Each structure stands twice: as structure tokens, then as C-alpha cells.
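Colleague: Could you take one part of this model and go through it closely, residue by residue? I would like the surroundings described as well, in plain terms.

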Amino acid sequence: MSERQSIHGQWSNRLVFILAATGSAVGLGNIWKFPYIAGENGGGTFVLVYLVCIALIGIPIMMAEIMLGRRGKQSPINTMATLASEEGKSNGWAALGWMGVVAGFLILSYYSVIAGWAMSYVFRTGSGMFTGATADGVSSIFSDLVSDPEKLIAWHTIFMVLTMVVVSRGVKAGLEKAVTFLMPLLFALLLLVLGYSMTTGYFSQGLEFLFTPGEITGKAILIAMGHAFFTLSLGMGAIMVYGSYLPKTTSITQASLWVAFADTAVALIAGMAIFPIVFANGLEPGAGPGLIFKTLPIAFGHMEGGILIGVMFFLLVVFAAWTSAISLIEPAVAYMVENKGYKRVYSSVLIGIVTWFVGLGSVFSFNIWADKTWSIPFLFEDKNFFDTLDYLTANIMLPLGGLFIAIFAGWLMRKQASTEELNTLPVIYKVWLFLVKFVTPVAVIIVFLKAVSVI
Ligand code: PHE
């Protein structure tokens, strides 16, 4: 049964899928976001909770998403509707796909703004302006950039256009080859920065900060869990839609383990590279979204060949962001192509324009709207537009999406269907089923309740 075909095509082979999924997972989340939220939330325990979430929630949900996608072979909205009706359940499950589409589009709106910062840093580093710079000098260069809405809008626009170009051509074209060598290069450059950090004399302090457990709040646990979803691109259909282009023969278990491993490695190395620089220069670990832009240029300004290494580094960050950005709107584009009969190009441009507009809110959050903040009782206090979007998407929408994916895959799908589709060793299947049936849903609910201080 279930010999559906995707109308959007198929990955050429298993390696390409793994690379594309890794490309989606590894992005700003690893290099920009992980270090700064670890810094804001006290380090050690936060990192530990994040790692536990990757293992017990992230990997099983990733397997579930790929499985559902490959079985449904359509955009997450239609995949959920089709699979639900196959299992005799309400096609209201399509709403899960819809929530993902909205989350992806909201995330992309601010993701593009931050990717714009990284783009501008390619040129800043290249101009040599960081050579020999002090921590103060580097911080003020960052403030100059973000306080200028026009510059931010220009970079945001360029990044959105780049994303639209790739999405309109279809995820496969061009991307497959590029990812093959750019991902390893990014890894190598991170190791170079790590090498520099080891020479600062503060390496062990950095490690201590990242890995020594301390106190943690319910909110920080929510942020760590939300980040596990965000960094693995889970809970919104990106991995599901990539799974829908996956040939039948690929092992879902192996692919998921590899993607989670690569993603976690990049985040941890980024953290280990950044915190020694933070401490060596008397910077604040909780410096917020500007953290990597205030620290890494110091390294590039002081190491041998720093200009070239820095330029390549920021270029690769942009590339990593790019391969993630396309997966953020692929679910929406696939849906429009399927249901409205629009061309890919038209769908991409349309969604791109709307996303661009919403992104302006994030641009202004760093300057003219910086103190336009608001609070939602129990949820958060004093967040501006950018912080609100980030919080609602990563910490609420993605875990909620994950919760429903777990419920669907673990409780509603017939065992025969999930066994057939996962096609893995019986013990692995049992462990997976246990995790999606019990561990994931219970964990997500407990963390939600704890974050609003109900328990
Ligand atoms: N995983 C990406 C990152 O870490 C962000 C992302 C989230 C991409 C959700 C797709 C879906 O940067």
C-alpha cells in the first residue's frame, strides 16, 4: 500500500537527504542563538537540559516527522489530512500543518534580519576594521549597525531575495552540491576559532560556564526545550516536508541520529569557541542577540590571517542560515503548489513579500521600536516585537507542534503503519514508540506547566 508519489520530486539519494536535513538544522540556531541563550540562562544546567531534550524529545520527534512526511508525500497540511483520514481520524489534523506554516513564516521573518547582520559582517570583517580592535570598539561597531534601520532593511531584503531564488527553483537544484562541501568547511572554521579561544587563557572558564550545572528556572527549562525543537527544525513541518521527498529505502533512524549529532556538535563547538572570548575580554555572557557579533570579531582581529578566516566564517554562517531559511517556507510553498496550482516561483515570491514585511517589525525592534515592549501574564514580560516572535515560535508553537506530532505518531497511527514506514530494528521501534507515546508528550506538558509556574 501507500505507493504515493510526491509531485515535487525526490532527493537523488540518501546522502542528499541527510545533507539537506542537516542544512536545515544547522543554522543561526547553532551559531548565533545557542551561545546567547545559554549565556542568558546561566550556562551549565541550561546546556544539560537542552542535551537531554535533544536525546529524549528531539530525536524521536525527528523520526516521527520524517516518517509522517514520507508516508504522506505532500506538504505537511495535506500530509496530516491524508494520514488522519487513512487512520479514520478527523481531517482537522491539517491544522497541525497550518500551525507549522505560520510558525515557519514568523521565524523566517526575523531569521532573515539576523542573517542580514551576518552578511554585513562579511564585509565589515573583510574591510579590516576589526584588526587589533578592542572589545569596546567591536561592541560599538555592532551597535552602529543595529541602530541603523536602513542598513538592516537592505540586508534583510537581500537575504529574502536569496532565499526566494532557491525556493523558487525547488529545494534540490544547486543546493545538493553546495551543501556537500560548505557544511564541512563551516565545521573546520569553527574549529579554527576554537583553536584561537584555547590561546586566550580563559578556555577552562568557558568550559566551566557551559558545562557546570547550577540553578535553573522553569522559564529557562522551557527555553532549553524550545531550542531543542528550533535547532533541529522540528515541530513545524520543515523536516516533515523534507521527509516527503525521501526515497523509501533510506533508514530514518540513521538519518535522524546523524542530523542530531551534527547539529549538536556545531552548537557545542560554537559555545566553546565563544565563551572564552567573552571572559577574556570582560564581556557579559548575557549580552543577548549581539553576542557572537561582539565576540568573534575580537578573535578575527587578533589571529593570524584573521581577515580571511573571518570573511569565510561569516560567509559560511550566511550559507548555513540560507539552507535553513529555505526549509522554513518549503511547507508553505509546497502547499500552495499542491492546492492552489500556483507555480513555485509565484508561491515563493508571494510568501517572500509577506515575510519581508513582517520582518520590518524585527528590524525596528533593534532601534526605533526598541522600547516598545509588552507583557503577557504568565508567559513573558517586557518583550519587544522581535523577542515576542522568537518566544512564541520557538518556545510555544514548535513544542506544541511536536506534542501533536508525537500524539499522532504514537497514539493514533496504527502500529502496523508506523512499523512499516520506520522499518527499523524491533528494539529501536519499541524505544521510539515509548518515547513518542509517553516521554515526549508528558515532558512537553510538564515543561509548559512549569514555565507558567503552575507546578
Ligand atoms: N534549525 C534552524 C537553525 O537552527 C532553524 C529552523 C527552525 C529551520 C525551524 C527550520 C525550521 O538555525
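Modeller: I will start with P441, which counts as buried because its relative accessibility is 8%, under the 20% cut-off for that class. The model is a predicted one, and what follows should be read as a description of that prediction. P441 belongs to helix α18, which covers residues 426-451. Setting aside neighbours within four places in sequence, P441 has contacts with L403, A406, L435 and V436. L435 and V436 fall within the range of α18 itself, residues 426-451, while L403 and A406 fall within the range of α16, residues 385-412. For scale, the C-alpha atoms of P441 and R124 are 45 Å apart, with their positions 317 residues apart along the chain.

Another residue of α18 is I428. I428 has a relative accessibility of 29% and is therefore classed as partly exposed; P441, at 8%, is classed as buried. The contacts of I428, again without neighbours up to four places away, are M63 and T253. T253 falls within residues 252-280, the range of helix α12, and M63 falls within α3, residues 44-72. I428 and I77 are 351 residues apart along the chain, and their C-alpha atoms are separated by 28 Å.

The contacts of P441 lead to α16. Of the 28 residues in α16, 20 are buried, so the helix is mostly covered under the 20% cut-off. At its N-terminal end, N384 acts as a cap: a side-chain oxygen of N384 is 3.2 Å from the backbone nitrogen of F386. Further along, α16 has a kink of about 30°, with its centre at T393. T393 has 0% relative accessibility and therefore counts as buried. Beyond its neighbours within four places in sequence, T393 touches A103, L106, I107, Y110, L398 and P399. L398 and P399 are within the span of α16, residues 385-412, and A103, L106, I107 and Y110 are within the span of α5, residues 94-126.

α5 also holds S112. S112 is another residue at 0% relative accessibility, so S112 is buried. Leaving out residues up to four places away, S112 is in contact with H156, F159 and M160.

The range of α12 came up with I428, and this helix packs against α1. Two packed helices are described by the angle between their axes and the distance between the axes. For α1 (residues 14-25) and α12 (residues 252-280), the angle is about 35° and the axes are 9 Å apart. The two helices cross in a right-handed sense. On the α1 side the contact is made by R14, F17, I18, A21, T22 and A25, and on the α12 side by Q254, A255, W258, V259, A262 and D263. By class, eight of these contact residues are nonpolar, two are polar and two are charged. An α-helix has 3.6 residues a turn, so residues three or four places apart point the same way.

α12 also takes part in the surroundings of L194, a residue of helix α8, which spans residues 175-198. L194 is classed as buried because its relative accessibility is 10%. Its contacts beyond four places in sequence are F203, I269, M272 and A273; the last three fall within the α12 range of 252-280. L194 lies 39 Å from F378, C-alpha to C-alpha, with a sequence separation of 184 residues.

F378 sits in the loop between β1 (374-376) and β2 (380-383). At 66% relative accessibility, F378 is exposed, so this residue falls over the 50% cut-off. Most residues other than glycine have a negative phi. F378 has a positive phi of about 70° although not a glycine. K73 likewise is not a glycine and has a positive phi, near 60°. K73 is in the loop between α3 and α4, and with a relative accessible area of 10% it is therefore buried.

Finally, F46 is located in α3. Its relative accessibility is 1%, so F46 counts as buried. Outside four places in sequence, F46 touches I37, A38, N41, I216, A220, I223 and A224. One of these, I216, is 170 residues away in sequence, with 7.0 Å between the C-alpha atoms of F46 and I216.

Methods. Residues are numbered from 1 along each chain as its sequence is written. This is a predicted model: local features need pLDDT of at least 70, side-chain atom pairs count only at pLDDT 80 or more; totals for chains, interfaces and linings use all residues. Side-chain values use heavy atoms; hydrogens and water are left out. Axes are lines fitted to C-alpha atoms, for helices over the stretch in contact, and angles run from 0 to 180 degrees between N-to-C directions. Helices (H or I, at least four residues) and strands (E, at least two) are DSSP runs, numbered from the N terminus. A crossing is left-handed if the near helix is turned anticlockwise from the far one by less than a right angle, and right-handed if clockwise. Contact means heavy atoms within 4.5 Å. Ala, Val, Leu, Ile, Met, Phe, Trp, Tyr, Cys and Pro count as nonpolar, Asp, Glu, Lys and Arg as charged, and the others, Gly among them, as polar. The bend at a residue is the angle between axes fitted to the seven residues ending there and the seven starting there. Buried means under 20% relative accessible area, exposed over 50%, partly exposed in between (1.4 Å probe, protein chains only). A polar contact is a pair of N or O atoms within 3.5 Å; within protein, one must be able to donate a hydrogen and the other to accept it, and residues adjacent in sequence count only if both atoms are side-chain atoms.
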